[in-house]
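Ready for a few exercises with the model open beside you? Try each task yourself before you read its solution.

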Amino acid sequence: MNFVKIIPLLFILLLITSCSTTRMYTYSVGEGSTICDKSNTDLGAVAILPEAAWRKDQKGPAKRKQMALDEIKSAFKGFPCGDVSSPGGVREFANWTAMPKQEMLKGFSNEGVDTIVIIRVEELTPRLAITFSIPFLWSGTNEADFHVSVISVKTGNTLADMRAKRVTGGPFNIRPAEWSRYELNAALHSVIN
């Protein structure tokens, strides 16, 4: 008798979990759609500079910054087209783009950094949409949305400039905020190589 009650619950669970899809969008200013494309095979010593641009009503910005920093560090381990160790490395979150460009480049040049990668995280969040109709529907997603600029310290030239957005979810999904970290990690991997 209990087995008969479990079958509908398993069916509902399968229905809820099987409706997820993943969509990845990358918009690039130049020809390359990745950081390590054929024109950027050796970037030398690389500094990764994370920055946040949250909405004014962003919930838990400190938690989201820590999630983003953890995933950025993870994604850039074994970076294929540069050295992300000292003097470069993954830096702490700061307002990097507010600094005058020449001053910032001179500072990194003095440190021995060849290339900087600015990652401006704009969204790292779950979303829930509810439709009050018949039938009653809801849709939940996790989203990571960020902008990446790769700049040569020596010349000041922008080697890559792109925006990436990855969304996973769909109808009948309820997704916790913590799962947004995986969206960021996967999106970073897709724009690295």
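Let us begin with one ring: Phe-108 is buried, at a relative accessible area of 4%, where buried means under 20%, exposed over 50% and partly exposed in between (1.4 Å probe, protein chains only). This is a predicted model, in which local features need pLDDT of at least 70 and side-chain atom pairs count only at pLDDT 80 or more, while totals for chains, interfaces and linings use all residues. Residues are numbered from 1 along each chain as its sequence is written, and side-chain values use heavy atoms, with hydrogens and water left out.

**Exercise 1.** Find the aromatic pairs of the structure and classify them.

Solution. Step one is the rule: rings of Phe, Tyr and Trp (its six-membered ring) pair if their centres lie within 6.5 Å, and planes under 30 degrees apart count as stacked, over 60 as edge-to-face and the rest as tilted. The structure holds two such pairs.

Step two takes Phe-76 and Phe-79, a tilted pair at 5.3 Å centre to centre with 50 degrees between the planes. Phe-76 is buried at 3% relative accessible area, and Phe-79 is buried at 8%.

Step three takes Trp-96 and Phe-108: their ring centres are 6.0 Å apart and their planes stand at 45 degrees, so this pair is tilted. It links distant parts of the chain, with Trp-96 in the loop between strand 3 (89–90) and helix 3 and Phe-108 in helix 3, 12 residues apart. Here helices (H or I, at least four residues) and strands (E, at least two) are DSSP runs, numbered from the N terminus. Trp-96 is buried too, at 12%.

**Exercise 2.** Which residues of helix 3 are buried, and which are exposed on the other side?

Solution. In helix 3 (residues 101–111), the buried residues are Met-104, Leu-105 and Phe-108. They lie on the same side of the helix because they cover an arc of only 95 degrees around the axis, the arc being that of the directions from the helix axis to the C-beta atoms. As background, an α-helix has 3.6 residues a turn, so residues three or four places apart point the same way.

On the other side of helix 3, Gln-102, Glu-103, Lys-106 and Asn-110 are exposed. Next, look at the cover: strand 2 (46–52), strand 4 (115–131) and strand 5 (137–152) are among what covers the buried residues. Finally, Gly-112 follows helix 3 with a positive phi, near 95 degrees.

**Exercise 3.** Locate the disulfide and say which parts of the chain Cys-36 and Cys-81 tie together.

Solution. Apply the cut-off, a pair of cysteine sulfur atoms within 2.5 Å; the count comes to one disulfide. Cys-36 and Cys-81 form it, with their sulfur atoms 1.9 Å apart. The torsion about their S-S bond is about -65 degrees, so the disulfide is left-handed. Cys-36 lies in the loop between strand 1 (21–28) and strand 2, and Cys-81 in the loop between helix 2 (61–75) and strand 3, so the pair ties together parts that are 45 residues apart in sequence. Both cysteines, Cys-36 and Cys-81, are buried.

**Exercise 4.** What is the strand order of the open sheet, and which strands form its edges?

Solution. Count two strands as paired if DSSP finds at least two bridges between them. The six strands then follow the order 1-6-5-4-2-3, with mixed pairing. Strand 1 and strand 3 are the edge strands, each pairing on one side only. To check one pairing, take strand 2 and strand 3, which run parallel and are joined by two bridges; Ile-48 stands opposite Val-90 in strand 3.

Technical notes:
Contact means heavy atoms within 4.5 Å.
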